[in-house]
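Please find below a note on the model under review. The points concern the fold and the nonpolar packing.

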Amino acid sequence: MAKKVADSEASRAQRHEVAIKLTGGMRRGSIAIEAASIPLRKTGDGTFEGKKTLPLEAPVITATSVVKGALLAKYDFAITINDVTKHIKGHIRDGVKTDEENFPFSAFKLDE
Amino acid sequence: MYMKPILVQALLYILFLACGRSALAQFPIHTAEGKSGLLVAGGEGVSLLNYEVSESRVGVKTFWSLPTHSVNEPLTEIMFDAGFSATKGKRDLFKGGSFTPGFDLGLTLLHTLEKQPNRSQSARSGYHQFFGRVAVDMVERKVAEPNDEDTLTLDSLAGTSLGLGGGYNHAFTENLVWSWSALAQHHWNSAEGLKEKDVCLQERTGVDGNGTPLAVASCDKRFIASLTDEWRGQLRTDVFWVARAFGDESSATLGFLTSASLDVGARAASSFNVSIGPTVQRPEHPTQVLFAVLLEGVDLANNAGQSPKFRDRVRLRLYVGVPFEFLK
């Protein structure tokens, strides 16, 4: 019975590669998808990039981001799952800003 | 060295492709007789066409860092920057299709420690940043070396410097950063303390219709001396403050930059320099300076003895930084 429950839960959680690209005038940022942080590294042109394969469970994918930067620094998290990209954007006013956004599975063309 | 205009355009295009999206991490401005030690961590690799009243420069930067999971983790990065710049005192990098050579390369290691916010500071806590840097620059120096009382040898030398520097940036908040840095450089063919003079090669002489003597000559600015090698150093401090926005979220921001430096050398006398003035930063990129007007005092005590009048030790520096992204 316990094995059946575990198998059922595993089948609901689908593993997908999540790619992140952070651009803008911010100093640095971090993001967690479904409470799993994705390591970000500064790349050649100064953007932050990272990717990780995570179990994603329907019906929503929760993204929690934090950025630090100076007054009115813009930030843009590009989240790519299943070749579909969604964005978390904004401006920093007080040194640091936290966002939490819920994306429905269908937003990334994932089967529920 | 002559470079056809089309090659100049190709060079700029290549630099543009190499940099990708533009952003800002380091101050490219020369202020108070040196490059500002402010290194604001984060931001994107920058590619700027910098133009100042005294010189122009095309530069690129590229970054690598260790991965982090949280914005409160320490951040270690390496920055490589390169630029082509005009000889100091010459206003144009490309003048009449002619490329005035001068380049600089730098490698900087940065380590940033985030200040942990407490309840009262909340989001306004800043960071501590330590950096070490090695840099080399080279510029053409034209000389007319005296052989004896009657003859001069015309030559073109490479003025080269290799420097090691390091410093500390204290960010009180994300908008206010105070930097301290020290730099030691060895200069080959140093022209420090020397002034260029006009050296003319007389090509033809004659008289005009009224019998007035004429001389046709091609003239060049050269140092009338044998250039030597020397060690030089600089201690400096800089403060940069992002003060306010001009309007809404998509507006530019107003800032202020203050610098002070002490230059010491084995050959030339020490000089104390200061600089202060407002800056305008790019919209949505509050650490990327587009314009600056800096009032500078150079060798305020006239230790070098080259500016006996006080007004000759004060100047206005205008700076314009154009991201390659704007040229699309």
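The numbered points below take up the model's basis, its fold and its cores.

1. The model is predicted: local features need pLDDT of at least 70 and side-chain atom pairs count only at pLDDT 80 or more, whereas totals for chains, interfaces and linings use all residues. Side-chain values use heavy atoms, without hydrogens and water, residues are numbered from 1 along each chain as its sequence is written, and chains are lettered from A and ligands numbered from 1 in the order in which they are written.

2. Chain A contains one helix and nine strands (DSSP runs, H or I of at least four residues for helices and E of at least two for strands, numbered from the N terminus). Read from the N terminus, the order is α-β-β-β-β-β-β-β-β-β.

3. Chain A has 112 residues, and 50% of them count as buried (under 20% relative accessible area, with a 1.4 Å probe and protein chains only). Among its contacts (heavy atoms within 4.5 Å) with a separation of 6 or more, 63% join residues 24 or more positions apart.

4. The largest nonpolar core (buried Ala, Val, Leu, Ile, Met, Phe, Trp, Tyr and Cys residues joined through side-chain atoms within 4.5 Å) has 28 residues; V18(A), I31(A), I33(A), L56(A), F77(A), I79(A) and F108(A) touch the most other members. Elements of chain A giving two or more residues to this core include β1 (13-24) and β7 (74-81). The largest share, four residues, comes from β7(A).

5. Beyond its neighbours within four places in sequence, F77(A) has contacts that include I20(A), I31(A), L40(A), V66(A) and I88(A).

6. A second, separate core of 11 residues includes A70(A), F240(B), V242(B) and V289(B).
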